[in-house]
Amino acid sequence: MSTAIVKYNAGNIQSVLFAMERIGAPAMVTDDPELIRKADKVIFPGVGEASSAMKYLRERNLDEVLRSLKQPVLGICLGMQLMCRHSEEGDTACLGLFDTMVRKFDQGLKTPQIGWNQAASVKGKLFEGLTGSPYFYFVHSYYAGLCDETVAVTEYGINFSSALQKDNFYGVQFHPEKSAEAGQRLLQNFLNL
Amino acid sequence: MLTKRIIPCLDIKDGRTVKGTNFVQLRDAGDPVELAALYASQGADELVFLDITATHERRKTLSELVSKVARQVNIPFTVGGGISSVDDVYLLLQNGADKISVNTAAVKNPALVGELAKEFGSQCVVLAIDTRQEGDGEWYVYLTGGRTKTDLKCIDWAKQAVDAGAGEILLTSMNHDGTKSGFALSITRQLATQLPVPVIASGGGGTMQHFADVFNEAAADAALAASVFHFKEIGIPELKKFLADKNIPVRK
């Protein structure tokens with residue numbers, strides 16, 4: 001089993017790498033299209049800004065690489081948002097893997113949303129063993145709207161997609177690498193796909 | 001619903017915890033990594049490491065510690081103490097810190113918060129404020145670990161720093177710190193209700209009711225304490241249960 005973590009101009013890659021080591025599944029951090037294509041699992045992490053991240057991916061043709069993948073792919077936080085159709089952050093056209101838009105939280109809310117919130121109505125193998133409404137750690141100012149591909153719903157001012165899934169593509173708004181046991185279980189579930 | 005966070009704070013010197021603890025289950029009570037992992041397993045929502053090392057080795061020992069914590073601990077953590085430049089922050093984030101906090105350097109160099117937010121994003125820039133209420137009733141900002149008074153008013157400085165890009169405020173009341181008589185409700189409430197970013201209340205937490213008060217009466221987003229956790233006067237699981245019984249949203 002090999003896991004590739006996509007390297008690009010976004011933060012928190014180190015944290016994801018450490019989290020994979022903790023569950024006994026060391027991963028490689030790479031931006032080499034061949035290594036990404038050949039990996040059994042691909043993690044697309046990210047803390048950063050949407051337009052500069054998409055620009056970076058396009059310049060290296062990584063946008064096409066990501067779209068063409070057939071193995072399970074997990075987008076985390078900004079990674080998940082970039083897998084949507086469009087983001088209000090920098091008015092950015094994204095990868096279009098999930099059929100939803102990314103919008104900014106309303107002015108009246110404290111942003112970023114920082115802290116632990118619940119993922120409700122969870123569906124699918126990613127959440128296996130995570131019963132009820134598990135708590136995960138969130139840090140974000142933009143959110144993906146609800147759509148047919150929503151597999152977890154979280155409330156912060158409004159209800160938004162805290163997880164999305166379509167075919168082999170998975171995305172989570174929260175940070176499983178920082179979400180204690182629940183996060184570890186989710187990463188393990190992803191590896192077990 | 002977004003939950004209220006409980007945050008133990010570990011004071012670090014030369015890579016070791018400074019204040020003692022009485023956790024018998026720890027092999028080495030001075031090892032911050034072991035203590036951090038214990039708190040994470042007990043349900044702490046985040047951790048703060050405050051470094052007070054004053055030697056030339058500090059950058060190296062601190063970044064080594066951060067790397068060890070990041071490898072072993074599965075919850076977010078903030079590192080503060082003596083951070084004064086983009087380079088300092090880069091090193092800590094590269095080693096796995098989730099957020100950094102700045103205090104004295106942000107007052108001395110008003111461009112710092114903006115530079116850090118631009119470089120790394122507001123979500124990882126915590127502004128720490130040590131404040132004291134003076135005889136005139138106003139809350140003033142203190143620097144260098146509470147040793148240097150300034151003429152800055154706490155609320156003005158907090159607003160200015162948030163405008164510049166601080167993503168969170170860690171507010172310590174020097175009037176309350178170490179007293180175990182409860183958090184500073186008035187100034188915490190003022191900041192928590194007037195600022196568009198989360199406020200972490202610090203200083204004075206001595207009983208579980210004090211934590212309930214700072215969430216209910218002062219609208220704090222998080223509460224931080226050190227010795228009550230280190231000396232097991234309050235256990236994190238009991239505290240979470242106490243708060244949940246009072247309908248305060250906490251992560252179970």
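# Report on a two-chain predicted model

Just after helix α5 of chain B, B:G121 takes a positive phi of about 95°. The model is predicted, and the values below are computed from it.

## Two helices of chain B

Helix α5(B) covers residues 112–120, and its buried residues are B:L112, B:V113, B:L116 and B:F120. Viewed down the helix axis, these buried residues fall within an arc of 100°, so they line one face of α5(B). An α-helix has 3.6 residues a turn, so residues three or four places apart point the same way. The packing partners of this buried set all belong to chain B: α3 (86–94), β5 (99–102), α4 (104–108), β6 (125–133) and α6 (154–164).

Helix α1(B), residues 32–42, can be described in the same terms. Its buried residues are B:P32, B:L35, B:A36, B:Y39 and B:A40. They fall within an arc of 140° when seen down the axis of α1(B), so they too line one face of their helix. The cover over these residues includes an element from the other chain, α6 of chain A. From chain B, the cover includes β1 (5–13), β2 (16–17), β3 (47–51), α2 (58–72) and α10 (236–245). A glycine with positive phi follows this helix as well: B:G43, just after α1(B), has a phi of about 105°.

The two helices are set side by side below.

| Helix | Residues | Buried residues | Arc of buried residues | Positive phi just after |
|---|---|---|---|---|
| α1(B) | 32–42 | B:P32, B:L35, B:A36, B:Y39, B:A40 | 140° | B:G43, about 105° |
| α5(B) | 112–120 | B:L112, B:V113, B:L116, B:F120 | 100° | B:G121, about 95° |

## Nonpolar core and strand β9 of chain B

The largest nonpolar core has 147 residues, and within it B:I169 and B:A223 touch the most other members. The element that gives the most to this core is α6(B), with 6 residues. Not counting residues up to four places away in sequence, B:I169 touches B:L127, B:I129, B:A158, B:L191, B:L195, B:V197, B:V199 and B:I200.

B:S173 is found in strand β9 of chain B, residues 168–173. Is B:S173 buried or exposed? B:S173 has 25 C-beta neighbours inside 10 Å and therefore counts as buried, the cut-off being 20 or more. Leaving aside neighbours within four places in sequence, its contacts are B:T131, B:A184, B:I187, B:G203 and B:G204. B:F231 lies 58 residues from B:S173 in sequence, and the C-alpha to C-alpha distance between them is 21 Å.

## Chain A

Chain A contains 6 helices and 13 strands. A compact globule of 193 residues would have a radius of gyration near 16 Å, and the 15 Å of chain A agrees with this. The C-alpha trace of chain A spans about 45 × 35 × 30 Å along its principal axes. Of the 193 residues, 54% count as buried. Among contacts in chain A between residues at least 6 apart in sequence, 67% join residues at least 24 apart.

## Where the chains meet

At the interface, 26 residues of chain A are in contact with 25 residues of chain B. On the chain A side, the elements giving two or more residues are α1 (13–22), β8 (113–118), β9 (135–140), β11 (150–156) and α6 (180–192). Of these, α1(A) gives the most, with 6 residues. The chain A side divides into 11 nonpolar, 10 polar and 5 charged residues.

Note on methods:
Residues numbered from 1 in each chain as written. Chains lettered and ligands numbered in written order. Predicted model: local features only at pLDDT ≥ 70, side-chain atom pairs only at ≥ 80, totals over all residues. Buried ≥ 20, exposed ≤ 12 C-beta atoms within 10 Å, placed from the backbone. Helix = DSSP H or I, 4+ residues; strand = E, 2+ residues; numbered from the N terminus. Arc of directions from axis to C-beta. Contact = placed C-beta atoms within 7 Å. Nonpolar A, V, L, I, M, F, W, Y, C, P; charged D, E, K, R; others polar. Rg over C-alpha atoms; globule rule 2.2 N^0.38 Å. Core = buried A, V, L, I, M, F, W, Y, C linked by C-beta atoms within 7 Å.
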